[in-house]
Amino acid sequence: MIEIHPLTPHIGARLTGIDVRKPLSASEVAAIDAGMDKHAVLVLPGQDITDTQQLAFSRNFGPLEEGANSGARDSELRLPVVFADVSNLDKDGRIAERSNKKRMAALANRLWHTDASFRVIPARYSILSGRIIPNQGPNTEFADMRAAYDALDAHTKAEIEDLVCEHSLIYSRGQLGFTEFLPNERVAMRPVRQRLVRIHPVTGRKSLFLASHIGTIVGWPRPEAMAFIRDLIEHATQPRFVYVHKWKPLDLVIWDNRTTMHRVRRFDDLNIVRDVRRTTTKSDGPTAAQEVA
Ligand SMILES: [Fe+2]
């Protein structure tokens, strides 16, 4: 029997009663979707799955995004390109060295973000499987962008209603001083436009579409835009909007990138193995018209 227990008043719930190793029935898929629409983050404990099973499970929730490991060439990847390898391992399965380029890029996951907001069609669900989980963290934190939107005053809601932001990996990584992009990477990471306020297609609830990938607001001077975005992220990530996930081995955690931001906390990644593997499904379409090239 499927059971869902909320983990905070706003966001996050624990779902039991589904075996992710097996093909899902239509009612199981519907139960997960309904749980996601309500809680935005679902934790399915004890899911001892293979890569193949993770892919099959993920395909229930939309087409998969590929090339999530931006910044690394295919020959440098440990996992097939359909996975985002969020581990601290290099292509040979060893702990990545301090100066490893993938590690450098992944440090931006410690900033509040939504996955793939830098793509024209941004992500729907991220599905993260905890294969090897250290005893000492790191936690992943999730912030509820619906509750954060609801808590804004009427003046701010009116001001942001039609704003459009530009998102790029160049901006998020640049915040940490990572600027070593190859010319072809700069083309691949060209900013894309996303609405700042989006409406969930099922629930109709509005939410803030925020991320550290944002580099400006269209039509605004850039410093003014970034100061405002910083204020909004600070507002939206107050503890009252946040669920802190303390990982256990074989947790499968699903979050809706349309309604949440997240970040991973710091840990001793040069000495302790953490193997977590993400699959990502696409949302319905762009949230904003793109700039004509
Ligand atoms: Fe992420």
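Author: Let's start with a term: helices (H or I, at least four residues) and strands (E, at least two) are DSSP runs, numbered from the N terminus. Here, helix α7 covers residues 183-188, and R186 sits in it. This is a predicted model, where local features need pLDDT of at least 70 and side-chain atom pairs count only at pLDDT 80 or more, while totals for chains, interfaces and linings use all residues. Residues are numbered from 1 along each chain as its sequence is written, and side-chain values use heavy atoms, with hydrogens and water left out.

Reader: Okay, so how many helices and strands does the protein chain have?

Author: Eight helices and 15 strands. For overall shape, people use the radius of gyration, taken over C-alpha atoms, and set it against the globule rule, 2.2 Å times the number of residues to the power 0.38. The protein chain comes out at 18 Å, close to the 19 Å the rule gives for 293 residues, so it is as compact as a globular protein of that length. Its C-alpha atoms fill a box of roughly 50 × 45 × 35 Å along the principal axes.

Reader: And is R186 buried, exposed or partly exposed?

Author: Buried means under 20% relative accessible area, exposed over 50%, and partly exposed in between (1.4 Å probe, protein chains only). R186 has 40% relative accessibility, so it counts as partly exposed. Across the protein chain, buried residues make up 53% of the 293.

Reader: Which residues does R186 touch?

Author: Contact means heavy atoms within 4.5 Å. Leaving out residues up to four places away in sequence, R186 touches I170, T179 and F181. Take I170: it is 16 residues from R186 in sequence, and their C-alpha atoms are 7.6 Å apart.

Reader: What about the largest nonpolar core: which residues touch the most other members?

Author: In soluble globular proteins, nonpolar side chains tend to be buried together. A nonpolar core is a set of buried Ala, Val, Leu, Ile, Met, Phe, Trp, Tyr and Cys residues joined through side-chain atoms within 4.5 Å. The largest one here has 25 residues, and I160, L208, L210 and I229 touch the most other members. At least two residues come from each of α4 (145-150), β11 (214-217) and α8 (222-236). Helix α8 gives the most, with six residues.

Reader: Which residues is L208 in contact with?

Author: Setting aside neighbours within four places in sequence, L208 contacts M145, A148, Y149, L152, I160, L196 and A236. There's also a second, separate core of 17 residues, including L15, L42, I49 and I254.
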